[in-house]
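The exercises below concern one protein model. Look over the sequence and the structure, then work through each task before reading its solution.

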Amino acid sequence: MCGGHNNAGKETFWLGRNGNEDAIRAALALYPAPMSASILKRPLWRRFRPAFLSRAADHVKAGGHAAVIADDGRVRVLLPVDEKGLPVFALWSLLAIEHRRYRRVKDGPAVGLAAVLIRREFVSVVLDWCTRDSMFPGSTRKLKLDCTTCAACCHDANVVLEEKDLERFRAEGRQDLTERAYIKRAKDGIVTLRFAKDGRCQLLAEDKLCSIYSIRPYNCRAFVAGSEACLAAREDTLGVRDGAPKGESALLIEMGKKHE
Ligand code: SF4
Ligand code: SF4
């Protein structure tokens, strides 16, 4: 969990913003991204009706993530949380849909879990995660990933550079990486890596390995294999869907028969 603090009863976390080196280091300490072939255990997303909240809570306690769909279409997700904050896959799920706050449920079957009301523009994303995962039984699944043959997340990414990244580039004799050919500086001062026109990071070598691996940006280091952002990158860049196809009729199984 990175940098959580209390804010009017809510807990807020930040990643990928200037000045968050400690937060990224904390995330790394929790779950460093593997480079070579690894088998990960990741949570499965399930959807539930509010009447089955206790089953949703049981699913989360068993390691899964739950989307609770109200009759009016609003979706609240339930995630595990402990005294250190959100586990890394839960954290990265929220980051993937640009949510940065959660509250702890104070009573009822889901007491103690983290709850987040999903903004409407991201509801379809969360429901698609449920569809994707609907082909796997249980609350967690094993997933084999090999970053050395993938590199999907090194395409079409928004890699924010911290000032420390630029300092490190200079210190390692790569002043060129701080210049316009490699970086973009937005009006608000945010600096990002400049990608090639075909969407590929200019620093990705032909063998799919990062050519500046030992000095790569913190945001690249913090990227978590097996996270929602990782799976989305694999789907968008490689066309690899790690689960059921979009729109599969597994919805019926999820909503009424299997998981409620
Ligand atoms: S998309 Fe995921 S599996 Fe592929 S290189 Fe990135 S972190 Fe590794
Ligand atoms: S700097 Fe390296 S790890 Fe980061 S996006 Fe580019 S190739 Fe990938």
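**Exercise 1.** Which residue stands opposite Val77 in E6?

*Solution.* The model is a predicted one. Start with the pairing: strand E5 (residues 65–69) and E6 run antiparallel and are joined by four bridges. Within this pair, the residue opposite Val77 is Ala67. The connection between E5 and E6 is a hairpin with five residues between the strands, and Gly73 in its turn has a positive phi of about 90°.

**Exercise 2.** Find the strand that pairs with E6 over four bridges in addition to E5, and name the bridge partner of Leu78 there.

*Solution.* Strand E8 (residues 114–117) pairs with E6 in the antiparallel sense, over four bridges. The partner of Leu78 in E8 is Ala115. As background, strands of a sheet pair through backbone hydrogen bonds, either parallel or antiparallel.

**Exercise 3.** Decide how far strand E6 (residues 75–79) is enclosed, and sort its residues by face.

*Solution.* First count: five of the five residues of E6 are buried, so the strand is largely enclosed by the rest of the structure. Next, sort the side chains. In a regular strand they alternate between the two faces of the sheet. One side of E6 holds Val75, Val77 and Leu79, and the other holds Arg76 and Leu78. Every one of these residues is buried, which leaves both faces covered.

**Exercise 4.** Which residues touch the most other members of the largest nonpolar core, and where does this core lie?

*Solution.* The core has 52 residues, and Val77, Leu78 and Leu79 touch the most other members. Its largest share, seven residues, comes from helix H3 (residues 88–96). Domain 1 (5–32 + 39–147 + 245–258) and domain 2 (149–222) both contribute residues, so the core lies between them. For one of its members, Val77, the contacts beyond four places in sequence are His65, Ala66, Ala67, Val116, Ile118 and Val126.

**Exercise 5.** Is Leu95 buried or exposed? Place it in its helix and describe the burial of that helix.

*Solution.* Leu95 is part of helix H3. The cut-off for a buried residue is 20 or more other C-beta atoms within 10 Å. Leu95 has 21 such atoms, so it is buried. For the helix as a whole, eight of the nine residues of H3 are buried, so H3 is largely enclosed by the rest of the structure. The buried residues are Val88, Phe89, Ala90, Leu91, Trp92, Ser93, Leu94 and Leu95. After H3 comes Glu98, with a positive phi near 60°. Leu95 also has a sequence-distant pair to record: Glu228 is 133 residues away in sequence, with a C-alpha to C-alpha distance of 8.9 Å.

**Exercise 6.** In what order do the strands of the sheet containing E10, E11 and E12 lie, and which are the edge strands?

*Solution.* The order is E10-E12-E11, in an open sheet of three strands with antiparallel pairing. Strand E10 (160–161) and strand E11 (183–185) are the edges, since each pairs on one side only. Strand E12 (residues 191–193) is joined to E11 by three bridges. One position to check is Lys184, whose bridge partner in E12 is Thr192.

**Exercise 7.** Describe the surroundings of the two ligands by residue class.

*Solution.* Take ligand 1 first. Twelve residues surround ligand 1, and the closest are Cys147, Cys150, Cys153, Ala225 and Cys230. Helix H7 (residues 228–238) gives the largest share of this shell, three residues. By class, the shell around ligand 1 holds eleven nonpolar residues, no polar and one charged.

Around ligand 2 are Cys154, Ala157, Val159, Cys201, Leu203, Leu204, Cys210, Ile212, Arg216, Pro217 and Cys220. That shell divides into ten nonpolar residues, no polar and one charged.

**Exercise 8.** Where do Ala151 and Lys208 lie, and what are their phi values?

*Solution.* Ala151 is in the loop between strand E9 (140–145) and E10. Its phi is positive, near 60°, although Ala151 is a residue other than glycine. Ala151 has 19 other C-beta atoms within 10 Å and is partly exposed. Lys208 lies in the loop between E12 and helix H6 (218–222). Lys208 is not a glycine either, and has a positive phi of about 70°. With 14 C-beta neighbours inside 10 Å, Lys208 is partly exposed.

Notes:
Residues are numbered from 1 along each chain as its sequence is written. Chains are lettered from A and ligands numbered from 1 in the order in which they are written. This is a predicted model: local features need pLDDT of at least 70, side-chain atom pairs count only at pLDDT 80 or more; totals for chains, interfaces and linings use all residues. A nonpolar core is a set of buried Ala, Val, Leu, Ile, Met, Phe, Trp, Tyr and Cys residues joined through C-beta atoms within 7 Å. A residue is buried if 20 or more other C-beta atoms lie within 10 Å of its own, exposed if 12 or fewer, and partly exposed in between; C-beta atoms are placed from the backbone. Helices (H or I, at least four residues) and strands (E, at least two) are DSSP runs, numbered from the N terminus. Domain bounds come from an automatic or database domain assignment. Two residues are in contact if their C-beta atoms, placed from the backbone, lie within 7 Å. A residue is near a molecule or strand if its C-beta atom, placed from the backbone, lies within 6 Å of it. Ala, Val, Leu, Ile, Met, Phe, Trp, Tyr, Cys and Pro count as nonpolar, Asp, Glu, Lys and Arg as charged, and the others, Gly among them, as polar. Two strands pair if DSSP finds at least two bridges between them.
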